[in-house]
Amino acid sequence: MAHKLGIVAFMVGVFAFSVPLFAHHGAASFESGKTVTVKGTVTEYVWSNPHVLVKVDAKDDSGNVVRWVLEAWNPVTQAGRGWTKNTFKPGDEVSLDITPAKNEKPVGEIRGRMVINGQEFKQQQ
Amino acid sequence: MSKRLVVSFVAALAAGMFSPLLRAQDAKWNNIPPTRAAYVGKTPSGPAPTRDLTGIWDTVQTLGVSGVLEHPALLPGGRGQEGGREDETGIAKPLPYTPAGLEALKKNKPSGPGVRQVDSVLTNDPAGKCDPLGFPYMFTWEFRTINVVQTPRQVIMLSPFYGNYRVIWTDGRKPPDDPDPRYNGYSVGHWVDDYTFVVETTGMLAKTWLDHAGRPHSEQLQVEETYHRIAADTMEFSMKFTDPVMYTEPFMATNKLPLHLLPPDFDIPELLCSPSEFAEYNNQVASPVLRDSSKK
């Protein structure tokens with residue numbers, strides 16, 4: 001597969017997740033316990049249910065652009081963490097720690113450190 | 001340290017504990033409930049009003065209420081963490097299924113947490129199609145902030161999570177003898193004392209689920225809820241299921257789950273299920289991440 005996780009992103013570590021805050025309906029498809037960092041440019045930010053989505057273009061080692069679709073929780077939960085409809089905008093340069101999909105598709109859950117245009121975004125708990 | 005400094009320190013500490021609440025009070029709209037930390041060490045306080053459930057109540061959503069609380073296998077966690085098998089044998093506290101109950105269970109494919117969790121796109125959970133959750137599913141899955149309104153004849157519970165509401169009649173009527181089933185069933189309530197309100201619900205559609213883990217119920221399901229107001233700011237919520245078709249004996253779903261009273265101007269944020277947004281989510285996320293069944 002052209003965009004293996006190790007090419008477009010680098011693994012920053014593996015850690016054991018604590019009990020999730022919520023019943024995540026799609027958790028079976030993701031590699032909980034693994035973290036990958038995606039670095040790239042935001043193309044779209046979708047403030048919707050059941051999950052807020054951030055789409056990021058990131059280059060692989062060959063220079064090919066890969067479109068990542070990254071999900072957060074729902075808007076209410078994200079608002080509780082300090083997110084708003086303006087947290088991201090197209091063109092933002094981001095570095096996002098995510099939980100990757102088990103099938104290695106460029107899809108993940110935003111679950112960790114977030115850096116937006118060089119500034120770390122401190123999520124509230 | 002001066003008295004003023006001590007007071008300032010205590011005020012700052014309290015502000016930190018309740019910061020989400022304070023932020024909400026400042027904003028007035030889309031208020032976010034306090035986190036669990038706000039209630040650590042906090043004891044129920046103030047005299048409870050008599051025969052009154054009015055107000056905005058929160059279960060502290062970070063508890064992750066997602067299933068039948070009396071059964072630890074249903075608490076939030078990853079697939080397989082509980083160590084059970086697909087038919088739920090081997091879990092910490094299996095439900096008392098009848099043979100019919102076990103067969104019905106196997107037909108339900110939940111995407112919620114538990115030993116039977118499937119990929120999101122493979123679920124047949126009514127919630128996955130934005131179908132009405134119905135009662136009691138609206139409470140057993142992420143029982144979030146509710147607004148309770150009381151009139152001389154009804155107690156009305158408004159839950160902005162998936163846009164649910166239910167009406168509990170308190171005018172002395174009896175439950176219907178042979179009801180046409182409906183999503184929320186038929187609820188009647190009465191006060192057993194000045195602080196304890198009991199609700200009986202029957203006539204719920206069998207196609208709705210009991211919870212997010214796909215537990216089934218039949219149209220013979222009877223739900224008994226007890227709301228016990230123990231203080232001005234706290235009441236306890238217990239819920240018992242009786243369904244002789246699916247389960248060999250009654251069991252408690254919640255047992256004195258504390259509900260906390262929020263300020264009267266708390267604006268509960270909406271969290272609705274939009275079929276078009278859900279379809280887009282499935283297209284963008286759930287379908288691409290579908291696992292190869294041979295590698296699960």
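In what order do the nine strands of chain B close into a barrel? In this predicted model, the barrel of chain B follows the order S1-S2-S3-S4-S5-S6-S7-S8-S9, with mixed pairing. Direction ignored, neighbouring strands of this sheet are turned by 30 degrees against each other on average. One of the pairings is formed by strand S6 (residues 196–202) and strand S7 (residues 222–231) of chain B, which run antiparallel and are joined by six bridges. Across this pair, Val198(B) stands opposite Thr226(B) of S7(B).

The helix H3 of chain B spans residues 99–107. Its buried residues are Gly101(B), Ala104(B) and Leu105(B). Viewed down the axis of H3(B), these buried residues fall within an arc of 105 degrees and therefore line one face of the helix. The face turned away from the buried side of H3(B) carries Pro99(B), Glu103(B) and Lys107(B), which are exposed. In general, an α-helix has 3.6 residues a turn, so residues three or four places apart point the same way.

The loop that connects H3 (99–107) to helix H4 (137–140) of chain B contains Pro136(B). This proline is joined to Phe135(B) by a cis peptide bond, for which omega is about 10 degrees. A further backbone feature of chain B occurs at Tyr162(B), where phi is near 65 degrees, a positive value in a residue other than glycine. Tyr162(B) is placed in the loop between strand S3 (154–159) and strand S4 (164–169) of chain B. Tyr162(B) counts as buried because 20 C-beta neighbours lie inside 10 Å, the threshold for this class being 20 or more.

Chain A comprises two helices and seven strands. Along the sequence, these elements of chain A are arranged in the pattern α-β-β-β-β-α-β-β-β. Of the 125 residues in chain A, 41% are buried. Among the contacts in chain A with a separation of 6 or more, 57% are accounted for by residues 24 or more positions apart.

Backbone features were also identified in the loops of chain A. A cis peptide bond joins Asn49(A) to Pro50(A), with omega at about -5 degrees. Pro50(A) belongs to the loop between strand S2 (34–46) and strand S3 (53–59) of chain A. Glu104(A), a residue other than glycine, has a positive phi, near 70 degrees. The loop that holds Glu104(A) runs between strand S5 (93–100) and strand S6 (107–116) of chain A. Glu104(A) is classed as partly exposed because it has 14 C-beta neighbours inside 10 Å, a count that lies between the limit of 12 or fewer for exposed residues and that of 20 or more for buried residues.

Strand S2 of chain A, which precedes the loop containing Pro50(A), includes Lys39(A). With 15 other C-beta atoms within 10 Å, Lys39(A) is partly exposed. Lys39(A) and Asn74(A) are separated by 35 residues in sequence, and their C-alpha atoms lie 23 Å apart in space.

Note on methods: Residues numbered from 1 in each chain as written. Chains lettered and ligands numbered in written order. Predicted model: local features only at pLDDT ≥ 70, side-chain atom pairs only at ≥ 80, totals over all residues. Helix = DSSP H or I, 4+ residues; strand = E, 2+ residues; numbered from the N terminus. Pairing = 2+ DSSP bridges. Axes fitted to C-alpha atoms, helices over the stretch in contact; angles between N-to-C directions. Arc of directions from axis to C-beta. Contact = placed C-beta atoms within 7 Å.
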